[in-house]
Amino acid sequence: MPLSWNEIRDRSIRFSKEWENESSEDAEAKSFWDGFFTVFGIDRRRMAQFEKAVARKGRGSGFIDLFWPGTLIVEHKSRGRDLTKAFGQAIDYFEGLKDHELPRYVLVSDFARFRLHDLEQRTEEEFTLPDFHKHIKSFGFMLGYQQQTYKEQDPVNTEAALKMGLLHDKLKEIGYDGHDLEVYLVRLLFCLFADDTSIFERGIFLEFLTNHTREDGFDLGQQLALLFQILDTPPARRPRNLDDTLAAFPYVNGRLFQERLPISTFDRQMRQILLDCSTLDWGRISPAIFGSLFQSVMNPAERRNLGAHYTSERNIMKAIKPLFLTDLWAEFETVRKKPRDLTAFHGKLATLRFLDPACRCGNFLIVTYRELRLLEIEVIKAIQKGQQVVSVNELVLVNVDKFFGIEYEEFPAQIAQVAMWLMDHQMNLRVSEEFGQYYARLPLEKSATIRHGNALDTDWQSLLPLPKDGEQPLAYSYIVGNPPFIGSKMMSATQRADIQRVMPRVEGNGVLDYVSGWYWKAGLYMQGRAASGRTTRTAFVSTNSVVQGEQVGILWGSLLRDCGITIQFAHQTFKWSNEAKGNAAVFCIIVGYGTADVPTKRLYHYDDVKGDPDELIVRNINPYLVEGSNVVVLRRSKPLCPVPEIGIGNKPIDGGHYLFTTEQRDEFIQKEPQSAKWFRRWLGADEFINGYERWCLWLGDCPPAELRQMPEALKRVQAVQKMRLESKRTSTLKLAATPTRFQVENMPTGNYLIIPEVSSERRRYIPIGYESPETLSSNLVKIIPNASLYHFGVLTSEMHMTWVRYIWGRLESRFRYSKDIVYNNFPWPMPPAEKQMKAVEAAAQTVLDVRASFAGSTLADLYDPLTMPPALVNAHATLDRAVDHCYRPAAFANAVKRMEFLFDLYEQYTVPLLGTGAKKGKRNG
């Protein structure tokens with residue numbers, strides 16, 4: 001067991017006094033360095049050798065004074081000699097070392113002085129022998145419990161994962177596969193980490209690989225099998241004649257090494273890969289990050305974008321801080337100077353239970369556990385303030401057995417289990433640092449509970465221990481995670497069945513994303529706990545689609561009504577990603593909710609989805625993640641207000657055979673001149689906004705006799721019919737009987753408004769405009785026949801845009817316009833006075849006139865925030881004021897006040913859909 005810092009300090013003082021007045025004969029160097037290692041409780045003979053011979057190109061062999069492979073080179077000189085020159089000599093030896101032998105540290109000394117070089121951090125530290133005791137923590141790397149700073153993109157995480165991936169590939173090539181391979185790699189991961197962090201005696205696993213296995217790798221599999229067996233055997237039950245090196249390994253327990261695996265074979269290359277892995281500094285590797293990287297390398301498709309899918313700690317903190325961490329730290333500050341309350345608070349920390357029901361490699365659980373342990377350390381320091389720590393073993397109460405997870409795949413579930421132990425040990429090392437006593441939990445007596453299974457088909461309560469007689473069932477304190485990001489149209493049949501089984505009472509659940517099952521199941525769990533007097537809170541990360549469009553009314557309407565939940569905090573849309581190459585960028589939200597109201601509701605708003613949020617303290621957060629009453633907008637087939645109806649454009653279902661570019665149209669007409677009159681301009685969202693020209697061969701009105709005189713056109717008709725007949729959809733098969741017609745035909749006889757279905761979120765306004773009846777619009781735009789200038793003015797105003805931003809769904813982060821959710825539910829102004837209406841019409845016409853004055857510019861040019869002409873900016877500002885005055889005389893301070901007003905107006909127009917929501921007060925815009 002490593003010594004405490006207090007013991008090391010005492011030993012270092014004795015060592016310094018012993019050698020301060022000794023002579024400087026080189027013959028005494030061995031005794032000096034043996035004594036130096038003894039200060040740290042390390043048997044130098046096991047870790048390092050004297051006078052290691054090294055071949056140097058063109059200069060013959062040299063001898064390293066003291067060599068610890070992969071860790072340390074010592075170059076020793078007589079008193080008064082040049083230490084800079086000694087350092088240069090040590091570096092010269094590097095060319096004769098193998099890659100896995102290269103050290104991170106170089107120590108040069110002349111008995112009286114020490115100079116320690118950290119080659120990775122590019123730092124050096126110099127001190128004299130009498131001051132040795134002041135610098136002992138600089139040698140924490142010898143024990144494996146120096147304090148680490150983890151970087152999310154630290155190359156050592158990726159390098160370690162890639163090396164383990166190579167070993168995975170080699171083992172798989174020889175037929176070692178499946179469950180056995182996964183368990184084997186997880187065991188090696190534990191051993192590598194343990195070797196650098198004092199779970200094992202420092203460096204003993206590397207020594208075992210180097211000195212107790214053949215260089216050709218022939219016996220490595222057998223030796224590892226023996227080691228795994230030893231790690232699962234208490235010392236009292238081990239053979240008495242066991243090799244000293246194997247006997248030095250501790251009893252691990254925890255069932256990690258319990259299962260007997262087939263013995264693998266190795267070769268020279270595979271042994272070298274494992275040696276290369278063992279020489280990395282595993283003490284720098286973050287369990288929260290490495291697990292996901294490790295899993296990624298097992299999948300060749302994911303390996304190309306290694307790190308693209310792990311959840312960064314920064315994003316995890318966005319969920320756990322407002323869920324519980326901020327409140328716990330605040331509570332700690334209130335009891336810090338109250339001994340009895342402080343002790344009770346410490347006990348409370350040890351009883352908190354956490355569940356991640358989609359835990360993957362355990363990222364959320366690992367970071368949560370670390371943060372809880374860091375808080376506990378501060379609590380212990382406050383409790384022990386002014387007292388001498390007698391035994392740190394009795395002070396640490398928080399343990400991994402209060403952490404639970406469910407994971408669909410077996411391998412990440414195994415990684416999560418081990419990663420929790422690794423984080424536990426890292427935090428135990430932190431305790432050792434803080435209180436000067438070595439603290440470890442070996443053998444492993446407690447573990448996190450990670451269930452391999454389908455979370456939507458698992459009773460979450462079943463992971464918890466059964467209550468003792470007369471006691472209430474245990475409950476989770478917090479549920480947190482990021483369930484699978486799978487949209488409703490991308491789900492498999494099995495996943496659809498999961499949603500149907502979990503949410504049978506939720507009408508319309510067929511349009512919900514897969515993550516909705518987790519939201520619903522957590523809601524039911526919290527409702528059940530609340531009925532028994534328990535409180536559980538939940539925070540999930542999910543794609544922003546669950547708080548937009550049709551899903552809001554179905555999912556959140558049911559959660560609010562049937563489960564009685566309250567949204568307690570929320571992050572509005574942000575870009576969920578990490579800095580890895582090829583990172584998986586998804587536009588997400590975080591919702592924290594529970595059955596109990598909370599005094600402080602936090603809403604995190606992002607001006608830039610890639611930036612940091614502003615925290616707003618609000619009175620209520622509704623399902624659209626804005627401040628306001630708990631209103632949900634349901635699908636509506638007709639407009640809420642007396643305005644023209646909206647529809648989609650034309651949907652050909654033609655396989656592209658009727659659509660042409662200008663060049664293709666001209667070539668076609670050259671072949672068949674009589675077809676010219678049947679071509680009509682074709683507009684989708686892209687063509688409308690960017691000014692692209694496309695054409696449609698519309699033959700639906702072409703007389704049969706005339707059509708038969710156009711053989712090229714008939715070829716197109718035949719191709720469309722063939723395409724439709726080959727479809728598996730019944731509706732498309734029926735269309736084959738009328739191949740010149742479209743599935744949806746919407747061709748107004750007069751001018752009509754066009755609204756693009758998808759538009760960039762960068763634009764302040766969606767480009768909306770009029771088209772003549774000669775132009776055919778595609779199903780990628782919405783069209784409104786008989787729309788007046790007043791209608792155009794309101795729809796292109798800031799008031800309508802605010803409704804759009806909060807209510808409709810988005811494609812990635814772009815706006816996607818919805819007929820039944822957005823347009824039909826939009827609360828138009830109460831019938832305005834004629835003067836107000838005319839002001840809107842005049843301002844709307846000015847917008848159209850200003851656009852027309854820039855004849856060479858597309859709508860994309862005109863509405864790009866960087867190139868929007870000042871005249872058009874001013875015209876829209878005038879229009880916005882005119883529309884605002886139709887709603888109320890007072891101006892609106894910001895978008896939030898606009899939305900609050902619109903929600904109020906919507907409630908006036910409709911029967912309240914959900915309870916009372918938050919209490920309303922007077923709203924000042």
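This briefing covers the sheets, a hairpin, and the helix packing of one chain. The model is predicted. One open sheet has nine strands with mixed pairing. Another has four strands, paired antiparallel. Two helix pairs, α6 with α7 and α26 with α31, are roughly perpendicular.

**The nine-stranded sheet**

- The strand order is β9-β8-β7-β10-β11-β13-β12-β14-β15.
- β9 (449–452) and β15 (614–618) are the edge strands. Each has a single partner strand, so one side of each lacks a neighbour in the sheet.
- On average, neighbouring strands of this sheet are turned by 20° against each other, direction ignored.
- Within this sheet, seven bridges pair β11 with β13 in the antiparallel sense.
- Isoleucine 590 in β13 stands opposite valine 541.
- Helix α16 (residues 410–435) lies across β8 (403–407) and β9. Its direction is at about 175° to β9.

**Helix α18**

- Helix α18 spans residues 516–531, 16 residues in total.
- From first C-alpha to last, α18 reaches 23 Å. That is close to the 22 Å expected at 1.5 Å a residue.
- Buried residues of α18 include Trp518, Tyr519, Trp520, Tyr525 and Met526. Lys521 and Arg529 are buried too.
- The buried residues of α18 pack against three strands and two helices: β10 (478–481), β11 (537–543) and β13 (586–594), plus α17 (493–502) and α19 (550–563).
- Glycine 533 follows α18 and has a positive phi, near 85°.

**The four-stranded sheet**

- The order is β16-β24-β20-β22, and the sheet is open.
- β16 (647–648) and β22 (769–771) stand at the edges. Each pairs with a single strand, so one side of each has no neighbour in the sheet.
- β20 (residues 752–756) and β24 (residues 781–785) run antiparallel and are joined by five bridges.
- Leucine 753 has isoleucine 784 in β24 as its bridge partner.

**The β5–β6 hairpin**

- Strands β5 (residues 113–118) and β6 (residues 123–128) run antiparallel, joined by six bridges.
- One bridge pairs leucine 116 with glutamate 125 in β6.
- Four residues lie between the two strands of the hairpin. Arginine 122, in the turn, has a positive phi of about 55°.

**Helix pair α6 and α7**

- Two packed helices are described by the angle between their axes and the distance between those axes.
- For α6 (residues 178–196) and α7 (residues 204–211), the angle is about 115° and the axes are 7 Å apart.
- The two helices are therefore roughly perpendicular to each other.
- α6 contributes Leu188, Cys191, Leu192 and Asp195 to the contact. α7 contributes Ile204, Phe205 and Leu206.
- Six of the contact residues are nonpolar, none is polar and one is charged.

**Helix pair α26 and α31**

- The axes of α26 (residues 798–807) and α31 (residues 895–909) come within 10 Å. They cross at roughly 85°.
- That crossing makes α26 roughly perpendicular to α31.
- On α26, the contact uses Glu798, Met799, Thr802, Trp803, Tyr806 and Ile807.
- On α31, the residues met include Val896, Arg898, Met899, Phe901, Leu902, Phe903 and Tyr906.
- The contact of α26 with α31 counts eleven nonpolar residues, one polar and two charged.

Key. Residues numbered from 1 in each chain as written. Predicted model: local features only at pLDDT ≥ 70, side-chain atom pairs only at ≥ 80, totals over all residues. Heavy atoms only, no water. Pairing = 2+ DSSP bridges. Axes fitted to C-alpha atoms, helices over the stretch in contact; angles between N-to-C directions. Parallel < 35°, antiparallel > 145°, perpendicular 65-115°, else oblique. Contact = heavy atoms within 4.5 Å. Nonpolar A, V, L, I, M, F, W, Y, C, P; charged D, E, K, R; others polar. Expected span 1.5 Å × (residues − 1). Buried < 20%, exposed > 50% of the residue type's maximum accessible area, 1.4 Å probe, protein only.
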